[in-house]
Each structure stands twice: as C-alpha cells, then as structure tokens.
Amino acid sequence: FPSHDKDSKVYQRHGLSLDEFNSLKTVDGKCPICRMREQSVIDHDHSCCPGKTGCSKCVRGYICSTCNVSLGLVGDSVDRLNTLITYLEHGIDI
C-alpha cells in the first residue's frame, strides 16, 4: 500500500496501477542502485517521454533522487557511464 498520498500521486502520474507501483518497491525501501537512500522517484526513459513524467511503458524503476539526478547528468548514456567507470579505475590515462 502507498505510505502517503504523495505515493499515490507518484504512481498515477506515470500511468501505473498500485500493483505495478508496489512491484517497483524494494523490500527495505532502499534505492536498488545505490542501496543507501530511500526510493523516492520513478525513473523513466526520457527518449520515450521527455518530460517529468513517463508512461507506464517507459518506467525503468523506483530509485532515489540522487541516483535519478546522476542518470540525468550523464544523459542516460551507457557509453558515458562506462567512461566514468574506466576513469575511476585508471585515472586520467583512459
């Protein structure tokens, strides 16, 4: 069940049913990416729906706001994320 009225607004804006929304929640309520912060943002593929809300077809998950911003800063680019990983592993010599 949604814990607040805020939760119902979150999933309804993305065209999700309550069951679909609940299936995105982790057992402990932590972000599935960082495992540190609480889930708070429904992440969606901006190439499908470029605005702040997506349709139920482009929802990728329920994550924390920090991870959501991080994905936005790299433009949802797998190549850019791989370059960041290589940089972290090897420094400037990439």
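How far apart are the mean positions of the positive and negative charges of the chain? I began with this point, keeping in mind that the model is predicted, and I found the mean positions of the 11 positive and 12 negative charges to be 7 Å apart.

Next I looked up the fold. I counted four helices and two strands in the chain, and, reading from the N terminus on, I noted the order of the elements as α-α-β-β-α-α. For the extent of the chain I took the C-alpha trace, which spans about 50 × 30 × 15 Å along its principal axes.

I then turned to burial and surface. The chain has 94 residues, of which 27% count as buried, and I set beside this the exposed area of about 6,400 Å², of which carbon and sulfur atoms supply 56%. I also looked up the contacts in the chain with a separation of 6 or more, and noted that residues 24 or more positions apart account for 41% of them.

My last entry concerns the largest pocket, in which about 200 Å³ of space lies. Which helices each supply at least two residues of its lining? I found that helix H3, covering 65-73, and helix H4, covering 78-90, each do so. In the lining I listed Thr66, Cys67, Ser70 and Leu71, together with Val74, and further along the chain Leu81, Leu84, Ile85 and Leu88, while Ile33 also belongs to the lining.

Definitions and conventions. Residues are numbered from 1 along each chain as its sequence is written. This is a predicted model: local features need pLDDT of at least 70, side-chain atom pairs count only at pLDDT 80 or more; totals for chains, interfaces and linings use all residues. Side-chain values use heavy atoms; hydrogens and water are left out. Buried means under 20% relative accessible area, exposed over 50%, partly exposed in between (1.4 Å probe, protein chains only). Contact means heavy atoms within 4.5 Å. Accessible areas come from the Shrake-Rupley method with a 1.4 Å probe; for residues, only the protein chains shown count as cover. Lys and Arg count as positive and Asp and Glu as negative; His and the chain ends are not counted. The place of a charge is taken as NZ of Lys, CZ of Arg, CG of Asp or CD of Glu. On a 1 Å grid over the protein atoms alone, a cavity is a set of points where a 1.4 Å probe fits but cannot get out, and a pocket is an open set with protein on both sides within 12 Å along at least five of seven lines; lining residues have an atom within 4 Å of a point. Grid points are joined across faces, edges and corners, and a volume is the space filled by probe spheres set on the points.
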